[in-house]
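I opened this notebook page to look up covalent cross-links, ring contacts and charges over rings. The entries follow in the order in which I went through them.

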Amino acid sequence: QVQLVESGGGLVQAGGSLRLSCAASGRTFAMGWFRQAPGKEREFVAGIGSSGRGAYYADSVKGRFTISRDNAKNTVSLQMTSLRPEDTAVYYCAASGFVNAGPGVNEYGYWGQGTQVTVSS
């Protein structure tokens, strides 16, 4: 069983930065970040394989967000820069049972409780 706890959300002005962190208990493989805005479906943001190599991103955040992981500490982070109002959402950390996972929600079996990110214009 894997438990995930996110932290680091908050309110930031457009153009600002935030860093989200996710602490995991239990063995983790591929991990990812998703987000869900009010009235919208949960969408993939970024993912990273179990080795920490091979990070991949949604087109909407490519070049602005960076995912990383520290396997010694069993954590995964999302550094977000140049934030835009459309980045406002609840952000979820997710863990997969696969060494590498794609952007599909159903590829991840474990989810955190979510952390709110609000970007003001």
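Before sorting side chains, I fixed my terms: I call a residue buried when its relative accessible area is under 20%, exposed when that area is over 50%, and partly exposed in between. I also keep in mind throughout that this is a predicted model.

Entry on the core rings. I looked up F34 and F44 against that cut-off, and both of them are buried. For F34 I noted a relative accessible area of 0%, which puts this residue in the buried class. I then turned to the geometry of the two rings: the centres of F34 and F44 are 5.6 Å apart and the planes stand at 75°, so I entered the pair as edge-to-face. In the chain, F34 belongs to strand β4 (residues 31-36) and F44 to strand β5 (residues 43-48), with the two positions 10 residues apart in sequence, and the pair thus links distant parts of the chain.

Entry on the second partner of F34. I looked up W111 next, and found its ring centre 5.0 Å from that of F34, with the planes at 65°, so this pair is edge-to-face as well. Because F34 lies in strand β4 and W111 in strand β10 (residues 110-111), the contact ties together parts that are 77 residues apart in sequence. W111 has a relative accessible area of 26%, and I therefore listed it as partly exposed.

Entry on the wider ring network. I counted five aromatic pairs in the structure, and I noted that ring pairs join F34, F44, Y56, Y108 and W111 into a cluster.

Entry on charges over rings. Which rings have R42 over their face? I found R42 over the face of Y92, at 3.7 Å from the ring centre, and I also found R42 over the face of W111, at 4.8 Å from the ring centre.

Entry on the disulfide. I searched for cysteine links and recorded one disulfide in the structure, which joins C22 to C93 with an S to S distance of 2.1 Å. C22 sits in strand β3 (residues 18-25) and C93 in strand β9 (residues 89-95), so the link ties together parts that are 71 residues apart in sequence. For its handedness I looked up the angle about the S-S bond, which is -80°, and entered the link of C22 and C93 as left-handed. Are these two cysteines buried or exposed? I recorded both C22 and C93 as buried.

Methods. Residues numbered from 1 in each chain as written. Predicted model: local features only at pLDDT ≥ 70, side-chain atom pairs only at ≥ 80, totals over all residues. Heavy atoms only, no water. Disulfide = S-S within 2.5 Å. Helix = DSSP H or I, 4+ residues; strand = E, 2+ residues; numbered from the N terminus. Buried < 20%, exposed > 50% of the residue type's maximum accessible area, 1.4 Å probe, protein only. Phe/Tyr/Trp six-rings, centres within 6.5 Å; stacked < 30°, edge-to-face > 60°. Lys NZ or Arg CZ within 6 Å of the ring centre and 35° of its normal.
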